[in-house]
Amino acid sequence: MLPTNRFKQQLSEPQTLWGLWLGLPDTSCAEICGSAGFDWVLIDGEHASFDLTSIKLHLQALAAHSASPIVRAEEANPTLIKRLLDIGAQTLLLPMINTGEQAEQAVRAAYYPPLGERGIGAALARASQWNRIPNYLHQANEQVCVLLQVETKQAIDNIEQIASVDGVDGIFIGPSDLSGSMGHIGNPSHPEVVAAIDHAIEVIQSHGKAVGILSLDPKQAQHYAKRRVKFIGAGVDTLLLRAGAETLAQTLKQTASHSSKLVDTVY
């Protein structure tokens, strides 16, 4: 039986969907985070050290856990999109979509005919359980979720055209690249960047599409949730590990230093 895409289903429900970025390539981390309480986790094939095989292993590892997996492709290449879907990804985040034409091409690549042009190779596909799933080709489109990432000034200029494309389930705003594209690299809180994000949110919502964003500041993330931003990436596994490790080391060293001073005082 073809698995139901819970994430796609939840996009039409009222609650905010909170997510965590996965950048560590070991599946143990995915399993730990997959049942931590997040609604979704994102396997980052664009910036982290994942290849097609390691993405497949992560999808297998996450299948038993509560968080829905999203796969961010390294680019919106039709062949890559086809291969990611064939290994079992159901929700794709496709980066650097700058025009309505690119959005249309991404949608065509993700869906089987008559909705799109996805190549048919179900006998080789984990997604179809190697043709064990009856009528897979007739059902697959219903469970595919296409998320596009807008992260440049050009994309914001073309947001009306991008948001109007049929077959797009959601549009994710990337503040970091957007700030760089607008001449404010490293400063996604610059007023011009914030204004561009606000404009994009309004346009995307006006077209009935779900809005997503990455926001590592909990207060800012809650602000976006109040604005009905639907899916919010609120953490990154690498940063959580780094922060936890550094905090523990500093706490231990500060405690040890304090104890040493007490001993010196006594003697």
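User: A crossing is left-handed if the near helix is turned anticlockwise from the far one by less than a right angle, and right-handed if it is turned clockwise. Which hand is it where helix 2 passes helix 3?

Analyst: In this structure, which is a predicted model, helix 2 passes helix 3 in a right-handed crossing.

User: What are the angle and the distance between the axes there?

Analyst: Helix 2, covering residues 27-34, packs against helix 3, covering residues 52-62, at an angle of about 35 degrees, and the two axes lie 9 Å apart.

User: And which residues meet?

Analyst: From helix 2 the contact takes Thr 27, Ala 30, Glu 31 and Gly 34, and on the side of helix 3 these meet Leu 57, His 58, Ala 61 and Leu 62. By character, the residues of this contact divide into 4 nonpolar, 3 polar and 1 charged.

User: Switching to cysteines: how many disulfides are there in the whole structure?

Analyst: A search of the whole structure gives 0 disulfides. Cys 29, for instance, is in no disulfide, and the nearest cysteine sulfur to its own belongs to Cys 33, at 4.0 Å.

User: Why is there no bond for Cys 33, then?

Analyst: Because its sulfur is 4.0 Å from the closest cysteine sulfur, that of Cys 29, which is too far for a bond, given that a disulfide requires the two sulfur atoms to be within 2.5 Å.

User: Are those two buried or exposed?

Analyst: Cys 29 counts as buried, with a relative accessibility of 15%, and Cys 33 is likewise buried, its relative accessible area being 11%.

User: Now the backbone. Where is the cis peptide bond?

Analyst: The cis peptide bond joins Pro 113 and Pro 114, with omega at about 5 degrees. Pro 114 belongs to the loop that runs between helix 5 (100-110) and helix 6 (136-143).

User: What about phi at Trp 130, and where does that residue sit?

Analyst: Trp 130 has a positive phi of about 55 degrees although it is not a glycine, and it is found in the loop between helix 5 and helix 6. Its relative accessible area is 43%, so Trp 130 is classed as partly exposed.

User: And the phi of Met 96?

Analyst: Met 96, also not a glycine, has a positive phi of about 50 degrees. Its position is the loop between strand 4 (91-94) and helix 5, and at 33% relative accessibility it counts as partly exposed.

User: Back to helix 3 for a second: what does Lys 56 touch?

Analyst: Leaving aside residues up to four places away in sequence, Lys 56 touches Ile 87 and Arg 126. Lys 56 has its place in helix 3 and, at 29% relative accessibility, counts as partly exposed. As for Trp 40, it lies 16 residues from Lys 56 in sequence and 16 Å from it in space, C-alpha to C-alpha.

User: Last topic, the overall picture. How many helices and strands does the protein have, and what box do the C-alpha atoms fill?

Analyst: The secondary structure comes to 12 helices and 8 strands, while the C-alpha atoms fill a box of roughly 85 × 45 × 30 Å, taken along the principal axes.

User: How much of it is buried, and what is the exposed area?

Analyst: Buried residues make up 46% of the 267 residues, and the protein exposes about 13500 Å², of which carbon and sulfur atoms supply 54%. On the contact side, among contacts with a separation of 6 or more, 64% are accounted for by residues 24 or more positions apart.

Technical notes
Residues numbered from 1 in each chain as written. Predicted model: local features only at pLDDT ≥ 70, side-chain atom pairs only at ≥ 80, totals over all residues. Heavy atoms only, no water. Axes fitted to C-alpha atoms, helices over the stretch in contact; angles between N-to-C directions. Helix = DSSP H or I, 4+ residues; strand = E, 2+ residues; numbered from the N terminus. Contact = heavy atoms within 4.5 Å. Nonpolar A, V, L, I, M, F, W, Y, C, P; charged D, E, K, R; others polar. Buried < 20%, exposed > 50% of the residue type's maximum accessible area, 1.4 Å probe, protein only. Areas by Shrake-Rupley, 256 points an atom, 1.4 Å probe, with all protein chains shown as cover.
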